[in-house]
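Open the structure in your viewer and keep the selection tool ready. The tour goes stop by stop.

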Amino acid sequence: MKNTKKPNDIKILAITFLLILTITSSILIGGCSRSGFNNLETTAETSQSTTVTEVVTEAPTTEEPTTEEITDDITEEPTTEKQTEKPTEKPTEKLTEKPTEKATKKPTEKPTDPPTDPPRDLEVIYVSSPVSPGEYADITVQGEPNTDYSITVYYKSGPSTAKGLYTKTSDSNGNVSWEWKVGTRTSSGTYRISISGGGQSISTTFTVL
């Protein structure tokens, strides 16, 4: 009985050992294959990256725009069209035309209007009274300067026709005077004197003795 059990145990151990070897070898082979595949992927990626970098580095060197074209575009447009034409046209029109019109019109129109003084009231400055028949009577009034004034002396018989009672022009101060002779047959009494001119009129009286 002892001799039959030992060979069976040896066979079992040998089989288990072979199974362990096969399992470990398969694991190792799978790991190596995976690592090799990974290495292949990494090499492929590196090769692709190198090709991409070559394309990236080569493309800008051949297709970069030259500096001459860029400088031409930058220098030509702003200097000739935009900066020279627009600033020179607009300021000259606004500054030269409009101020001259306003400055010439306003100062010339206002000083030409002459100053207007209010009309001066007509008033009697002097009248001789009383006067005897056969003597001279006189009267002075003041009104507008350089204005025509007329005089009328009313007696009982009517307006006087004595010499000197005619229309006269006032002086630069508005003064005007008349002198006439009272008739020798004029009866005593108070008589009216009327003066008018320049749109105004005034009346006063004098006495004959």
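Two strands count as paired if DSSP finds at least two bridges between them. Keep in mind that this is a predicted model.

**Stop 1: a pair of strands**

Select residues 136-142, strand β2. Add β6, residues 175-181. How many bridges join β2 to β6? Seven, and the two strands run antiparallel. For a single position, pick Gln142: Asn175 in β6 stands opposite.

**Stop 2: the whole sheet**

Now add β1, residues 123-127. The three strands make an open sheet, ordered β1-β2-β6, with antiparallel pairing. Which strands stand at the edges? They are β1 and β6. Each has a single partner strand, so one side of each lacks a neighbour in the sheet. Look at the twist as well: from one strand to the next, the average is 20°.

**Stop 3: a surface patch**

Move to helix α1, residues 2-63, and select Leu19 in that helix. Is Leu19 buried, partly exposed or exposed? Its relative accessible area is 48%. Buried needs under 20% and exposed needs over 50%, so Leu19 is partly exposed. Add Ile15, Ile23 and Ile27 to the selection. Together with Leu19 they form a nonpolar patch on the surface. The accessible area of the four together is about 400 Å².

**Stop 4: aromatic rings**

A pair of aromatic rings is described by the distance of the centres and the angle of the planes. Rings pair here if their centres lie within 6.5 Å. By this rule the model has four aromatic pairs.

Select Tyr155 and Phe206. Their ring centres are 6.4 Å apart and their planes stand at 70°. Planes over 60 degrees apart count as edge-to-face, so this pair is edge-to-face. Tyr155 belongs to strand β3, residues 148-155, and Phe206 to strand β8, residues 200-208. The pair therefore ties together parts that are 51 residues apart in sequence. Are these two residues buried or exposed? Both Tyr155 and Phe206 are buried.

Keep Phe206 and swap Tyr155 for Tyr191. The centres of these rings are 6.3 Å apart, with the planes at 45°, so the pair is tilted. Tyr191 sits in strand β7, residues 189-197, and Phe206 in β8, so this pair ties together parts 15 residues apart in sequence. Tyr191 is buried too, like Phe206.

**Last stop: the cluster**

Bring Tyr155 back and add Trp180. Ring pairs link Tyr155, Trp180, Tyr191 and Phe206 into a cluster.

How values were computed: Residues are numbered from 1 along each chain as its sequence is written. This is a predicted model: local features need pLDDT of at least 70, side-chain atom pairs count only at pLDDT 80 or more; totals for chains, interfaces and linings use all residues. Side-chain values use heavy atoms; hydrogens and water are left out. Helices (H or I, at least four residues) and strands (E, at least two) are DSSP runs, numbered from the N terminus. Axes are lines fitted to C-alpha atoms, for helices over the stretch in contact, and angles run from 0 to 180 degrees between N-to-C directions. Patches are made of residues with over 30% relative accessible area and no salt bridge: like charges are joined within 9 Å, nonpolar side chains (Val, Leu, Ile, Met, Phe, Trp, Tyr) within 5 Å. Accessible areas come from the Shrake-Rupley method with a 1.4 Å probe; for residues, only the protein chains shown count as cover. A salt bridge is a side-chain nitrogen of Lys or Arg within 4 Å of a carboxyl oxygen of Asp or Glu. Buried means under 20% relative accessible area, exposed over 50%, partly exposed in between (1.4 Å probe, protein chains only). Rings of Phe, Tyr and Trp (its six-membered ring) pair if their centres lie within 6.5 Å; planes under 30 degrees apart count as stacked, over 60 as edge-to-face and the rest as tilted.
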